Amino acid sequence: MSKTYMNEKFPHFLHGGDYNPDQWVDYPGMIDEDMRLMKLAECNEMTVGIFAWSMIEPREGVFEFDYMDKVLDKIYENGGRVILATPSAARPHWLGDKYPEVFRVDRDGVREHFNSRHNHCYSSPVYREKVRIINTKLAKRYGKHPAVIGWHVSNEYSGECFCPLCVANFREYLRRKFHNDIRELNHAYWSYFWSHTFDSFEQIEPPTPYTDQSHMGLTCDWRRFVTEMTVDFMRAEIAPLKEICPELPVTTNMLSNYVGLDYRRFKGVIDFASCDSYPAWHSGDQQDTAVHSAFGYDIIRGLTLKPFILMENTTSVVNWRDYNKIMRPGMETLSPFQAVAHGSDSILYFQFRKGRGGQEKFHGAIVDHVGTEKTRVFETVKRKGELLKKVDEICGTAVRSEVAVVYDWESRWMLDASHGFSKNTKKYIETARAYYSVFWKRGINCDVIGPHDDLSPYKIVVAPMQYVADAETIDNFARFVERGGTLYATYTLGMVDENDLCHLGGFPGGKLRDVFGIWNEEIDTLYPEDSNFCEFKGAKHKLVDYCELIHAEGAEVLAVYGEDFYRGMPVVTSNVYGAGRAYYQAARDCGTLSDAVISEIVKERGVRSATGTVEPLGYGVSAHVREDGEDRYVFVENYSDVPATVPLGRKMTDLISGKETDVCKLDAYGLGIFKYSEE
Ligand code: GAL
């Protein structure tokens, strides 16, 4: 297994972040001072130009590159590299003033005024053309610049637009999907219901509070369309970059847990994945926060199953939460190294220098308003840079997992849109994270993948609340089990197809009923004050929110309901199918039942953990492994506010102290990085 780098020409961890010298043009000498500080902070990367459109094209068709030339040259002269951004995430005033069509229309039908950023219409031909022109200029001027190692396209694509152009594109999208046959659409959306039958594609409107929201299939298609429009816009942005400098890799920074876009559709469009991450440390349950951000990183890594780039995090504090707490000592290192443990080849921050004014002037940065290197935060950044250099051999190594959790945007969208179950307890992503945490607590690498992804590398796949089961998902799941895999699924499995039409013939739909050897006849939605229970291996487990009334049709029953009129009916089942096994959990537990059952399966299947044990490592503690086929690198992370001792299960080299050891002792918010060779 060889290493995979974002750019072979710079096979090192990147340390640096968003650099906005365009805000400091009136301050002579600032770039030189920044270069001095960049080197002192052990930074080797600057992400340049993200919001610099009005500096580069101050008037329509007038391009000024002198300042940018100087910035890129200086960074290179000082040993740095640049990820160069296209500036489409915010536009200059002249553009919006002259071409109002570039502004989005909201769901109330109101066209935005200038507003802030991330608010352009993806359909607008004018915006696309203006972006094409500026991206072409950037590629021609800087594509071969020795500092530039990659493209950062736009910034955090997000949002939706309801303008007439987008509505027309949506209708086109549906025409393509339904072969221009309105009857096909009517059947897919079951639109005979309430006499909402469509006579033509022209009658279709996006779902808003004022339009027809009775078709869940249409709601889901709108979301698919928003993703498709975004991807289409991104392709248009990338086209001139690839035409002019095909060798430069391209990414866009994603928001990992963002619900609005199905990031799996970005696959094949970007060359490497990247994300922004701002965990809410030091409030609420710290382990939950750690699991939340870990899950986000694994979503991002799961897109390419290669190392990714942490494009933004904060040096200490953000400015946009209700309460903006600074990170406690230790956490400022542990937090970004969590990304490295999950496969990031960088630690990049938003932002290098705090702006003097504007909305983000109190957001964390490497360089504070005081302007010197003599700050606590600067010192911590420098130490992180030194540590990254020390462990540079880890850059490019892979994260390999024997287990995976399925995370499916479409099930999330459709469950959220569905009328049924309960409004407040669907909790799709919370449920996915709860199952993921079973592995996290034990220091077991886990991939987060889609229902159509290749399942063959895994021993165990968990598919929580996989409500949508299209033909491909059904086949993929069945094939995996048939060939020896262990599949663990839960309540709401396989109830609808890709258009939200219920599967006929009993849930879970299609072949899944055979695969799991069960039939799910009813689902009981509990009030918050209700609960049920079951026993598994002598322990009692509380059940809440959803209790399905399932029948075993060949599956072995491992646990049954303890109460109510369905007492004695199955809660957990296991079914042999082909060479594998399919488990079904019919009710939501509070973490203990799923943990007990899945940990048994982990042992049975001989799943490997980072530290040799598959017992939980203790509250707030986890471990992850990166590897290159010869060496394994073990990250031990303590997110709790008390010290932790973690046996490593064998002798390893502590890459921080250089000593051999078989135990890892960590302070509160401590991090250990170890290495050993595969025998
Ligand atoms: C990100 C954004 C950055 C900056 C940062 C502040 O979402 O990409 O430009 O605004 O948030 O935390």
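Which residues are around the ligand? The views below show a predicted model, in which local features need pLDDT of at least 70 and side-chain atom pairs count only at pLDDT 80 or more, while totals for chains, interfaces and linings use all residues. Residues are numbered from 1 along each chain as its sequence is written, and side-chain values use heavy atoms, with hydrogens and water left out.

**View 1. Residues around the ligand.** Phe51, Arg117, Asn155, Glu156, Asp276, Tyr278, Glu312, Trp320, Phe350, Glu360 and His363 surround the ligand (a heavy atom within 4 Å of it). By class, this shell has four nonpolar, two polar and five charged residues (Ala, Val, Leu, Ile, Met, Phe, Trp, Tyr, Cys and Pro count as nonpolar, Asp, Glu, Lys and Arg as charged, and the others, Gly among them, as polar).

**View 2. Polar contacts of the ligand with Asn155, Glu360 and His363.** A polar contact is a pair of N or O atoms within 3.5 Å. Polar side-chain atoms lie 2.8 Å from a ligand oxygen atom for Asn155, 2.3 Å for Glu360 and 2.6 Å for His363. Of the 310 Å² of accessible area that the ligand has on its own, the protein covers 94% (Shrake-Rupley method, 1.4 Å probe).

**View 3. The open sheet β6-β7-β8.** Three strands, paired in parallel, form this sheet (strands are DSSP runs of E, at least two residues, numbered from the N terminus; two strands pair if DSSP finds at least two bridges between them). The edge strands, β6 (253-254) and β8 (309-312), each pair on one side only. Three bridges join β7 (residues 274-276) to β8, with Ser274 opposite Ile309 of β8.

Methods
Polar contact = N/O pair within 3.5 Å; in protein donor to acceptor, adjacent residues only side chain to side chain. Helix = DSSP H or I, 4+ residues; strand = E, 2+ residues; numbered from the N terminus.
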